[in-house]
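Work through the exercises below with the sequence and the structure open beside you. Try each task before reading its solution.

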Amino acid sequence: NISSAEKDELMGWVADSSQGQEFFDKAVTLWSVTEEMAYPDFSKGKAQAWDKVAGRLDSSTAAIGGGAKVRRLDLRSWAAAAAIVLLGLASWWALRTAPAETTAVIATTLDDEQESMLLPDGTQVWLNENTYLTYEEVDGERRLRLEGEAFFDVATDSLQPFRIYAGDAVTTVLGTSFNIRAYPEEEQVEVSVKEGRVQLEKRAEEKVATEEPTAAKVVLSPGEQGVYEKSTAKVEAKEKRGKNSTAWRDRKMDFNGVEITEVIQTIERYYEVEIELMNPAIGNCPWVGKYDNPTIEDLLSSLQFSLDLTVEEKDGLYRLSGEGCK
């Protein structure tokens, strides 16, 4: 219903921003999915429904105080807000009104946003920031597509395999809990297992749900981490590397004799900072420590004290100096 001028402004924003283009593409995909849903006739209850919403808005304003301010949203804010509302409504309706044989769910998060949700099969999912997830049940398979990072506590169903497609990497489970990190801009897809067993493999060019897994695969047990290298299409397991993969969700870190190189990778990922070792030998040092919801200052102070390091920070870059270990 927007005017031609408004449409030009919207499409100009989409063309000028890769984030805007991605958001717009997802909204278009969502629209096509929702057209397939079986929606009831709302015509008779629209007035009553709006009265209920308006009442809740009035109550919220009153709770904030009479001095609440109202501002006009610019087009960029309006487009993002509208897309978020549309995505949320579609996920809600997909859970409640989609036909049983074609259950579809779409969920997304933005910067500094994390969400938890329950899928139709009973699987609990926690989404990290900037994550896009779709879920559908088709041909006897629970099929998901993931961009970003998510932790899954999968409901057991031996008759319906649970497969997550992240680019060319495919993760298959029957019932377990695990974390997947699959951001498009990163060179790896990482799968870290907390409970149960998970299979990670390269996706075949024309793979169908009934085919046997390909030879390029690994089967992961609790505490193990599987990595799919995008550039080489190589799949490998790394034992005892997945312990801190869910720090973004549970706010806990546990380092038990872990080399500083890996510690630094965990800190950089969790706090979105950059850390430079002025002496590469520092990375060889082992470190032990458990932390519950630590700040980056807590971790760096502990490193500084236990390894006799010097920590300097400038413009968001942390530099660690010291003798290191052989």
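**Exercise 1. Find what the buried residues of helix α7 pack against, and decide how those residues are arranged around the helix.**

Solution. The model is a predicted one.

Step 1. List the buried residues of α7: they are Ile296, Leu299, Leu300 and Leu303.

Step 2. Look at their arrangement. Viewed down the axis of α7, the buried residues fall within an arc of 95°, so they line one face of the helix. The background is this: an α-helix has 3.6 residues a turn, so residues three or four places apart point the same way.

Step 3. Find the partners. The buried residues of α7 pack against the strands β14 (252-259), β15 (274-277), β16 (286-292), β17 (310-314) and β18 (317-321), and against helix α6 (260-271).

Step 4. Check the length. Helix α7 runs over residues 296-307, and at 1.5 Å a residue its 12 residues should span 16 Å. The end C-alpha atoms of α7 are 16 Å apart, which agrees.

Step 5. Look past the end of the helix. Asp308, just after α7, has a positive phi of about 55°.

**Exercise 2. Repeat the analysis for helix α1, and say which residues are buried and which are exposed.**

Solution. Step 1. Helix α1 covers residues 4-16; at 1.5 Å a residue, these 13 residues should span 18 Å. The distance between the end C-alpha atoms of α1 is 18 Å, in agreement.

Step 2. The buried residues in α1 are Leu10, Trp13 and Val14. Around the axis they cover an arc of only 100°, which puts them on the same side of α1.

Step 3. Turn to the other side of α1: Ser4, Ala5, Asp8, Ala15 and Asp16 are exposed there.

**Exercise 3. Describe how strand β18 pairs with β15 and with β17.**

Solution. Step 1. Take β15 and β18: they run parallel and are joined by 4 bridges. Ile275 stands opposite Tyr318 in β18.

Step 2. Take β17 and β18: these strands run antiparallel, with 5 bridges between them. Here Glu312 stands opposite Arg319 in β18.

Step 3. Look at the connection. β17 and β18 form a hairpin that has 2 residues between the strands, and Asp315 in the turn takes a positive phi of about 55°.

**Exercise 4. Locate the disulfide and describe its two cysteines.**

Solution. Step 1. Count: the chain has 1 disulfide. Cys285 is joined to Cys325, with an S to S distance of 2.0 Å.

Step 2. Place the two ends. Cys285 is in the loop between β15 and β16, while Cys325 is in the segment after β18; the pair links distant parts of the chain, 40 residues apart.

Step 3. Give the handedness: the angle about the S-S bond is 105°, and the link of Cys285 and Cys325 is right-handed.

Step 4. Buried or exposed? A residue is buried under 20% relative accessible area. Cys285 has 3% relative accessibility and therefore counts as buried. Cys325, at 27%, counts as partly exposed.

**Exercise 5. Describe the nonpolar cores.**

Solution. Step 1. The largest nonpolar core has 30 residues, and among those with the most contacts inside it are Val125, Leu144, Phe152 and Phe162. Strand β5 (residues 141-153) gives the most to this core, with 4 residues.

Step 2. Follow one member. Leaving out residues up to four places away in sequence, Phe152 touches several residues, including Val125, Leu133, Leu144, Ile164 and Phe178.

Step 3. A second, separate core has 21 residues, among them Ala247, Ile260, Trp287 and Ile296.

**Exercise 6. Compare the surroundings of Glu115 and Thr171.**

Solution. Step 1. Glu115 is in strand β2 (residues 115-118), and Thr171 is in strand β7 (residues 169-173).

Step 2. At 39% relative accessibility, Glu115 counts as partly exposed. Thr171, at 3%, counts as buried.

Step 3. Without neighbours within four places in sequence, Glu115 is in contact with Thr109, Val125, Trp126 and Leu127. Glu115 and Trp126 are 11 residues apart in sequence, and their C-alpha atoms are 5.8 Å apart in space.

Step 4. Not counting residues up to four places away in sequence, Thr171 touches residues including Phe162, Ile164, Phe178, Val191 and Leu200.

Key: Residues are numbered from 1 along each chain as its sequence is written. This is a predicted model: local features need pLDDT of at least 70, side-chain atom pairs count only at pLDDT 80 or more; totals for chains, interfaces and linings use all residues. Side-chain values use heavy atoms; hydrogens and water are left out. The expected span of a helix is 1.5 Å times one less than its number of residues. Buried means under 20% relative accessible area, exposed over 50%, partly exposed in between (1.4 Å probe, protein chains only). The arc is that of the directions from the helix axis to the C-beta atoms. Contact means heavy atoms within 4.5 Å. A nonpolar core is a set of buried Ala, Val, Leu, Ile, Met, Phe, Trp, Tyr and Cys residues joined through side-chain atoms within 4.5 Å. A disulfide is a pair of cysteine sulfur atoms within 2.5 Å. Two strands pair if DSSP finds at least two bridges between them.
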